[in-house]
Amino acid sequence: MFHGEKVTLRAMEMSDLEPILEFGNSWELRRWHGVPLPKSRKAMGEWLEKATMSDPWKDGQLILAITEKKSREFLGIARLYDIRSPHL
């Protein structure tokens, strides 16, 4: 986990599915990301399962949950790309 002054970045968990469904299916997010249709619980669950099992060194990306530090409320997702091991 990475702790900032107001937020924490942590590993994604399957328990994040409900807020991800709400967040991911919001019109505001879909409008800016070019995803016109909402995703099903099954599709989002499969995506989340892959995200929780991903290997940043192999997959080249790291997906973290952003939570409010005090309440631990889910705020969103941080996705980091072009992750490379310094030892490869």
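This report describes the fold, one helix, an aromatic pair, a pocket and several single residues of a predicted model.

**Overall layout**

The chain contains four helices and four strands. Following the sequence from its start, these elements come in the order β-β-α-α-α-α-β-β. The C-alpha trace spans about 40 × 30 × 25 Å along its principal axes. Of the 88 residues in the chain, 26% are buried. Contacts can also be sorted by how far apart the partners are in sequence. Among contacts between residues at least 6 apart, 53% join residues that are at least 24 apart.

**Helix 1 and its buried face**

In helix 1, the residues Leu17, Ile20, Leu21 and Gly24 are buried. Looking down the helix axis, these buried residues fall within an arc of 100°, so they line one face of the helix. The cover over them includes helix 2, helix 3 and strand 4.

Leu21 serves as an example from helix 1. Leu21 counts as buried because its relative accessibility is 11%, which is under the 20% cut-off. Setting aside neighbours within four places in sequence, Leu21 is in contact with Lys39, Ser40, Arg41 and Met44. Leu21 and Glu5 are 16 residues apart in sequence, and their C-alpha atoms are 27 Å apart in space.

**The aromatic pair**

How many aromatic pairs does the structure hold? It holds one aromatic pair. The partners are Phe23 and Phe74, whose rings are arranged edge-to-face, with 6.4 Å from centre to centre and 80° between the planes. This pair links distant parts of the chain, since Phe23 belongs to helix 1 and Phe74 to strand 4, 51 residues apart. Phe23 is partly exposed, with a relative accessible area of 31%, whereas Phe74 is buried at 13%.

**The largest pocket**

The largest pocket holds about 480 Å³ of space. Its lining is made up of 16 residues, and those nearest the centre are Gly24, Leu29, His33, Trp47 and Arg79. Which elements supply at least two residues each to this lining? They are helix 1 (17–24), helix 2 (27–33), helix 3 (41–53) and strand 4 (74–81). Sorted by class, the lining has ten nonpolar, three polar and three charged residues. Gly24 therefore appears in two settings: as a buried residue of helix 1 and as one of the residues nearest the pocket centre, with buried meaning under 20% relative accessible area.

**Two strand residues**

Thr67 and Phe2 both sit in strands, but their exposure is not alike. Thr67 is in strand 3, which covers residues 61–68. Thr67 is buried, with a relative accessible area of 3%. Beyond the residues up to four places away in sequence, Thr67 touches Lys6, Val7, Thr8, Arg10, Arg72, Glu73, Phe74 and Leu75. One of these contacts, Phe74, is also a partner in the aromatic pair.

Phe2 is in strand 1, residues 2–3. Phe2 counts as exposed because its relative accessibility is 51%, and exposed means over 50%. With residues up to four places away in sequence left out, Phe2 touches Val7, Thr8, Leu9 and Leu64. Val7 and Thr8 are among the contacts of Phe2 and also among those of Thr67. Phe2 and Pro36 lie 34 residues apart in sequence and 33 Å apart in space, taken from C-alpha to C-alpha.

**Positive phi angles**

Most residues other than glycine have a negative phi. Arg72 is not a glycine, yet its phi is positive, at about 65°. Arg72 lies in the loop between strand 3 and strand 4. Asp82, also not a glycine, has a positive phi of about 60°. Asp82 is placed in the segment after strand 4. Is each of these residues buried or exposed? Arg72 counts as exposed at 68% relative accessibility, and Asp82 counts as exposed at 53%.

The table lists the accessibility of the residues described singly above.

| Residue | Relative accessibility | Class |
|---|---|---|
| Thr67 | 3% | buried |
| Leu21 | 11% | buried |
| Phe74 | 13% | buried |
| Phe23 | 31% | partly exposed |
| Phe2 | 51% | exposed |
| Asp82 | 53% | exposed |
| Arg72 | 68% | exposed |

Terms used: Residues numbered from 1 in each chain as written. Predicted model: local features only at pLDDT ≥ 70, side-chain atom pairs only at ≥ 80, totals over all residues. Heavy atoms only, no water. Buried < 20%, exposed > 50% of the residue type's maximum accessible area, 1.4 Å probe, protein only. Contact = heavy atoms within 4.5 Å. 1 Å grid on protein atoms, 1.4 Å probe; cavity = no way out; pocket = protein on both sides within 12 Å on 5 of 7 lines; lining within 4 Å. Points joined across faces, edges and corners; volume = space filled by probe spheres on them. Nonpolar A, V, L, I, M, F, W, Y, C, P; charged D, E, K, R; others polar. Phe/Tyr/Trp six-rings, centres within 6.5 Å; stacked < 30°, edge-to-face > 60°. Arc of directions from axis to C-beta.
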